[in-house]
Amino acid sequence: MRVNCVGAIIGDASGRLLLIKRGHPPGAGLWSIPGGRVEAAETDAAALRREVLEETGLVVTIGPLVGTVDRPGPGGVTYEIRDYHATVTDGTLAAGDDAADARWCSREDLVRLPLTDGLLEALTSWDALPGQASRADPSP
């Protein structure tokens, strides 16, 4: 069975990435980008706005699709995760819902925190880390 999910890649002006610490399985105790399941009759954008607000207290505008990954879940489930750029427009950062913590993370944080499987590799391969030069960027 496939489960549709979405994630928000949110950076700040300091080049940090917004991460949440998952409070429940799958991935309890691991850090990831905010997001979750797309409910029936919900668009990706609506699901992502809802999940980010529930998990972080932040209101976001959804940007373009960055990439898609499949991740195995319990009982043979496959999570199809579509990750989008998003921009904070309002709110105050506070962990909520199934997030045990939420914080802005530097590049140094990303290599020392226990991240969900494949997160850093996917974001790097998509040139999606805040402050990461795009492959299309001709500057050195």
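How many bridges join S2 to S3? In this predicted model, S2 and S3 run antiparallel and are joined by two bridges. The points below take up the sheet to which these strands belong, and then Asp44, a residue of helix H1.

**The sheet and its edges**
- The sheet is open and consists of three strands, which follow the order S3-S2-S7 and pair in the antiparallel sense.
- Strand S3 (31-32) and strand S7 (99-105) stand at the edges, and because each has a single partner strand, one side of each is left without a neighbour in the sheet.
- Strands of a sheet pair through backbone hydrogen bonds, and the pairing may be either parallel or antiparallel.

**Strand S2 and its partners**
- Strand S2, which covers residues 17-22, pairs with S7 over six bridges in the antiparallel sense.
- Within this pairing, Leu17 has Cys105 of S7 as its bridge partner, while Arg22 stands opposite Ala99 of S7.
- Towards S3, to which S2 is joined by two bridges, Lys21 stands opposite Trp31.
- S2 is largely enclosed by the rest of the structure, because five of its six residues are buried.

**Asp44 in helix H1**
- Asp44 lies in helix H1, which covers residues 44-56.
- Asp44 counts as buried because its relative accessibility is 17%, and the cut-off for buried is under 20%.
- When residues up to four places away in sequence are not counted, Asp44 touches Val6, Val38, Arg82 and Tyr84.
- With Tyr84, the side chain of Asp44 also makes a side-chain to side-chain polar contact of 2.5 Å.

Definitions and conventions:
Residues are numbered from 1 along each chain as its sequence is written. This is a predicted model: local features need pLDDT of at least 70, side-chain atom pairs count only at pLDDT 80 or more; totals for chains, interfaces and linings use all residues. Side-chain values use heavy atoms; hydrogens and water are left out. Helices (H or I, at least four residues) and strands (E, at least two) are DSSP runs, numbered from the N terminus. Buried means under 20% relative accessible area, exposed over 50%, partly exposed in between (1.4 Å probe, protein chains only). A polar contact is a pair of N or O atoms within 3.5 Å; within protein, one must be able to donate a hydrogen and the other to accept it, and residues adjacent in sequence count only if both atoms are side-chain atoms. Contact means heavy atoms within 4.5 Å. Two strands pair if DSSP finds at least two bridges between them.
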